[in-house]
Amino acid sequence: MSNLHGKNKAKHVVSLFRRIAHNYDLLNTLMSAGRHHSWRKQAVKMLKLPEQKEGISLDVATGTGDFSIEISKLENVKKVFGIDFAKEMVVLAHKKSQKLSTMNQDFFYLQADALFLPFRNDVFQYVTIGFGIRNFYDLSKGLSEVRRVLKDDGELAILEIVKHEKNIFSKIFFRCFDFAAPLLGYIFARDRSAYKYLTKSAEMFFTANELTNYMDNQGFKIVSKKSLAFGNVSILICMKK
Ligand SMILES: C[S@@+](CC[C@H](N)C(=O)[O-])C[C@H]1O[C@@H](n2cnc3c(N)ncnc32)[C@H](O)[C@@H]1O
């Protein structure tokens, strides 16, 4: 997996997420001890909501749509788009949003590659990406696409698992995750390797500080950030520089 780059990584990642799509929500809840909903809620709360302007939101690498549903609860968000390159995820996200009959928002889910977003420039007030960027097969290209479609006063919320820092609690937490995720993947989805990939990809990704610097180099200023799960999960709120 460490050798995967470019198109090979894209093929590997899309087939992995197509395979685990139907168990994704359950495993997410088990692996995060039920915390993942609260993490997305916290990320949405950190947005500045400029003058409560009405806007459209885009959830990139939406999976089963949880981040898109969370941001749709903001009063000034009237339309929510979600894209993912795994067809099964898009179908599940659509079904989930259909069940929210009490909500006024319109949801639109599309099968698309984050590196080639099918949208015009400067249209989204918010872009969210939950546990997505470390799976991009070209992170720089993915972020340049986000930058392109984000409005000048728009905000990008990133929620991601990051490489543990060198503190003991962070290391212990990561070791537990590294042990438990493939085991849970095997028990509940008969797919140990998919969940081993998820932990390995986190181990090979940036630390929280490295991610902040990277975003800065990709043309984003960091508006606020938060560290969760003993430093193993990060929220970054960014704007275009
Ligand atoms: C770990 S899941 C995260 C799902 C969801 N955002 C969440 O918060 O739970 C990662 C998702 O990213 C998608 N993904 C990875 N690379 C992508 C790309 N280049 N274009 C579109 N989707 C991508 C995968 O198909 C998968 O559904």
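Which residue in strand 2 is the bridge partner of aspartate 59? Keep that in mind as you open the viewer. The model on your screen is predicted.

**Stop 1: strands 1 and 2**

Select residues 55-60, which form strand 1. Then add residues 77-84, strand 2. The two strands run parallel, and 6 bridges join them. Now pick out aspartate 59. Its bridge partner in strand 2 is glycine 82. Go to leucine 58 for another pair: phenylalanine 81 is its bridge partner in strand 2.

Stay with strand 1 and look at its cover. Here 6 of 6 residues are buried. One side carries Gly55, Ser57 and Asp59, and the other carries Ile56, Leu58 and Val60. Both faces are covered. Strand 2 is mostly covered too, with 6 of its 8 residues buried.

**Stop 2: the nonpolar core**

Colour Val60, Val127, Leu156, Ala157 and Ile158. They belong to the largest nonpolar core, which has 65 residues, and they touch the most other members. Which strand gives the most to this core? Strand 5 does, with 6 residues. In soluble globular proteins, nonpolar side chains tend to be buried together.

Next, zoom in on leucine 156. Skip its neighbours within four places in sequence. Beyond them, leucine 156 is in contact with Val127, Val146, Leu150, Phe220 and Cys238.

**Stop 3: helix 6**

Select residues 139-149. This is helix 6, where Gly142, Leu143, Glu145, Val146 and Val149 are buried. Turn the view to look down the helix axis. The buried residues of helix 6 fall within an arc of 155°, so they line one face of the helix. What covers them? Strand 1, strand 4 and strand 5 are included in that cover.

**Stop 4: helix 3**

Move to residues 36-45, helix 3. Its buried residues are Trp39, Arg40, Ala43 and Val44. Look down this axis as well. These residues fall within an arc of 135°, so they too line one face of their helix. Now show what they pack against: helix 4, strand 4 (124-130), strand 5 (150-161), strand 6 (220-228) and strand 7 (233-240).

**Stop 5: threonine 29**

Select threonine 29, in helix 2 (residues 24-31). Why does threonine 29 count as partly exposed? It has 13 C-beta neighbours inside 10 Å, and partly exposed residues fall between the limits of 12 or fewer for exposed and 20 or more for buried. Leaving aside neighbours within four places in sequence, threonine 29 is in contact with Gly34 and His36. Then find arginine 192, which is 163 residues from threonine 29 along the chain. The C-alpha atoms of the two are separated by 17 Å.

**Stop 6: around the ligand**

Finish by showing the ligand. There are 22 residues around it, and Phe17, Ala61, Gly63, Ala114 and Gly130 come nearest. Helix 1 (6-20) and helix 4 (66-71) are the elements that give two or more residues to this shell. Helix 1 provides the largest share, 3 residues. Last, colour the shell by residue type. You should find 13 nonpolar, 6 polar and 3 charged residues around the ligand.

How values were computed
Residues numbered from 1 in each chain as written. Predicted model: local features only at pLDDT ≥ 70, side-chain atom pairs only at ≥ 80, totals over all residues. Near = placed C-beta within 6 Å. Helix = DSSP H or I, 4+ residues; strand = E, 2+ residues; numbered from the N terminus. Nonpolar A, V, L, I, M, F, W, Y, C, P; charged D, E, K, R; others polar. Arc of directions from axis to C-beta. Contact = placed C-beta atoms within 7 Å. Core = buried A, V, L, I, M, F, W, Y, C linked by C-beta atoms within 7 Å. Pairing = 2+ DSSP bridges.
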